[in-house]
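Ready for some practice in reading a structure? Work through each exercise yourself before you look at the solution.

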Number of protein chains: 2
Amino acid sequence: MAAALDLFVERGYAATRLDDVAARAGVSKGTLYLYFSSKEELFKAVIRSGIVPLIERGERLFEEHKGTAAGLLREIVFSWWESVGNTKLGGIPKLMFSECRNFPEIGKFYYDEVISRGHRLMQSVLETGMKSGEFRSMDANYAMRLILAPMVFLLLWRHSFDFCDSKHIDADRYLEQHLDMIINGLMPRSREQNNSTQPAKVISMEKKGRIR
Amino acid sequence: MAAALDLFVERGYAATRLDDVAARAGVSKGTLYLYFSSKEELFKAVIRSGIVPLIERGERLFEEHKGTAAGLLREIVFSWWESVGNTKLGGIPKLMFSECRNFPEIGKFYYDEVISRGHRLMQSVLETGMKSGEFRSMDANYAMRLILAPMVFLLLWRHSFDFCDSKHIDADRYLEQHLDMIINGLMPRSREQNNSTQPAKVISMEKKGRIR
DNA sequence: TGTATATTACTGACCGCTCAGTCATTTACA
DNA sequence: TGTAAATGACTGAGCGGTCAGTAATATACA
């Protein structure tokens with residue numbers, strides 16, 4: 001399954017040959033069929049085992065958190081990047097976006113088990129912040145999508161056009177600035193108070209030369 | 001080429017059969033080879049002819065604009081959605097993200113002719129606003145990416161997981177809220193002044209029931 | 001303990017289908 | 001009638017999937 005993940009991420013579903021998966025795994029193609037009844041089943045297994053555990057971690061972060069909503073937001077963003085963005089698991093979302101129309105069943109599975117739970121999590125964080133008055137009130141469903149979009153987009157970019165890009169994106173700076181722009185867009189009233197809402201600095205891998 | 005665009009967008013590159021393209025175009029497969037020397041050449045031609053004209057329109061908007069940077073931003077966002085998001089051309093970015101690793105040559109072409117020009121355009125808008133003091137000063141390269149990401153992401157979503165999503169996204173509300181969050185994140189000092197920076201309302205298809 | 005039998009894990013040659021690409025033939029038309 | 005355009009049957013490589021066979025290990029039994 002590790003071999004399959006590598007190759008699926010690298011070449012996409014259709015372009016991955018089972019002979020190659022078998023070769024990389026150090027077994028014969030026949031052996032694959034002792035464990036997975038078809039290429040599609042192998043694909044599903046890879047997706048399932050790789051992603052589902054991660055979403056659960058995020059849900060735990062939310063339940064256990066005590067502090068500002070902005071701090072929690074920050075914590076989720078950076079721990080997500082650490083465990084997904086920076087690992088080979090980061091290729092899965094790209095894979096899913098590319099293939100979900102051709103495999104609606106897997107698409108639905110991924111949506112139900114990963115995406116919708118991620119959405120619910122982020123929306124809860126925002127609603128918490130709105131209720132407490134830390135964020136101004138807005139449609140949490142759309143706000144949630146607007147916060148997640150640049151995060152996932154960074155992942156997709158990394159696995160697609162990044163190789164063309166002369167200016168490689170520094171993920172930490174990108175996420176840092178995203179938070180900065182989003183928080184200032186979310187905060188009510190004056191802007192100055194926002195510096196007090198970053199108690200989570202400890203867990204982030206914040207750069208010294210942070211952009212103002 | 002219209003037939004090919006339809007099918008590429010609908011099924012992806014690998015899953016599109018030239019027999020089907022020919023059938024939809026109302027010609028025989030042999031005829032395709034009188035005009036395109038290979039499937040890959042057909043793909044390139046589709047991408048080239050579909051997208052390049054659009055970017056030029058955006059560049060013209062920038063050059064001709066007189067008004068606030070926020071107004072220009074708004075105008076670009078909505079006219080982009082009108083001419084790309086709402087048409088079948090909207091499938092091309094999804095296609096490019098999915099396939100650019102398998103066709104680095106096309107990926108490079110797309111990056112050079114479309115993405116980098118789009119980046120430059122948006123970055124210019126932001127820098128204009130920063131110079132005039134309308135926006136607070138920040139790294140324009142990252143800000144540009146953070147503004148474009150949710151826009152492109154909406155397109156990708158529409159062509160991938162949207163079919164799973166029970167709550168269909170209203171593109172206008174989404175973009176409206178994006179602008180609202182971004183502008184308020186970009187504006188210096190007090191939040192109240194931002195309502196004066198929407199002279200571009202005319203061209204947008206703004207909904208009455210806008211989210212506050 | 002030595003031999004026979006069963007089980008498990010794996011192999012790789014093979015099959016059949018799909019589909020990009022070809023080309024001898026037909027059609028359109030000036 | 002000559003030539004350019006179009007056709008569609010055909011080819012062959014590639015690849016998902018199969019299965020008879022092998023080797024190693026475990027079990028049965030005398």
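**Exercise 1.** Which element gives the largest share of the surface near DNA strand C?

*Solution.* Keep in mind that we're working with a predicted model.

Step 1: start with the residues. There are 13 around DNA strand C, and S28(A), T31(A), Y35(A), R17(B) and K29(B) come nearest.

Step 2: look for the biggest contributor. That's α3(A), with four residues.

Step 3: sort the residues of this surface by type. You get five nonpolar, five polar and three charged.

**Exercise 2.** Find which protein atoms lie close to phosphate oxygens of DNA strand C, then say which elements give two or more residues to the surface there.

*Solution.* Step 1: check the side chain of T31(A). One of its N or O atoms is 2.8 Å from a phosphate oxygen of the strand.

Step 2: now go to the backbone of chain B. T16(B) has a backbone N or O atom 3.2 Å from a phosphate oxygen, and for K39(B) the distance is 2.9 Å.

Step 3: name the elements. Two or more residues come from α3 (29-35) of chain A, and likewise from α3 (29-35) of chain B.

Step 4: turn to the DNA side. Of the strand's atoms within 4 Å of the protein, 55% belong to sugar or phosphate, and the rest to bases.

**Exercise 3.** Is F36(B) buried or exposed?

*Solution.* Step 1: locate the residue. F36(B) sits in the loop between α3 and α4 (39-64) of chain B.

Step 2: compare its accessibility with the cut-off. The relative accessible area is 18%, and buried means under 20%, so F36(B) is buried.

Step 3: list its neighbours. Leaving out residues up to four places away in sequence, F36(B) touches M1(B), E41(B), L42(B) and A45(B).

**Exercise 4.** How much area do chain B and chain A bury between them?

*Solution.* Step 1: here's the idea. The size of an interface is often given as the accessible area lost when the parts come together.

Step 2: apply it. Chain B and chain A bury about 5300 Å², with 63% of that on carbon and sulfur atoms.

Step 3: see who loses the most on the chain B side. Y142(B), F161(B) and M181(B) do, together making up 14% of what that side buries.

Step 4: count the residues. Each chain puts 62 residues into the contact.

**Exercise 5.** Describe the salt bridges that cross between the two chains, and contrast them with one inside chain B.

*Solution.* Step 1: recall the principle. Side chains of opposite charge can pair when their charged atoms come close.

Step 2: get the count. Six salt bridges cross the interface of chain B and chain A, while the structure holds 32 over all chains.

Step 3: take one example. D139(A) pairs with R173(B), the closest N and O atoms being 2.5 Å apart. D139(A) is in the loop between α7 (104-131) and α8 (140-158) of chain A, and R173(B) is in helix α9 of chain B. D139(A) counts as buried at 18% relative accessibility, whereas R173(B) is partly exposed at 27%.

Step 4: take another. R145(B) and D165(A) have their closest N and O atoms 3.0 Å apart. R145(B) belongs to helix α8 of chain B, and D165(A) to the loop between α8 and α9 (171-186) of chain A.

Step 5: now stay within chain B. E176(B) forms a salt bridge with R74(B), at 2.9 Å between the closest N and O atoms. E176(B) is in helix α9 and R74(B) in helix α5 (residues 69-85), so the pair ties together parts that are 102 residues apart in sequence.

How values were computed:
Residues numbered from 1 in each chain as written. Chains lettered and ligands numbered in written order. Predicted model: local features only at pLDDT ≥ 70, side-chain atom pairs only at ≥ 80, totals over all residues. Heavy atoms only, no water. Near = heavy atom within 4 Å. Polar contact = N/O pair within 3.5 Å; in protein donor to acceptor, adjacent residues only side chain to side chain. Nonpolar A, V, L, I, M, F, W, Y, C, P; charged D, E, K, R; others polar. Buried < 20%, exposed > 50% of the residue type's maximum accessible area, 1.4 Å probe, protein only. Contact = heavy atoms within 4.5 Å. Buried area = accessible area lost by both parts, 1.4 Å probe. Salt bridge = Lys/Arg side-chain N within 4 Å of Asp/Glu carboxyl O.
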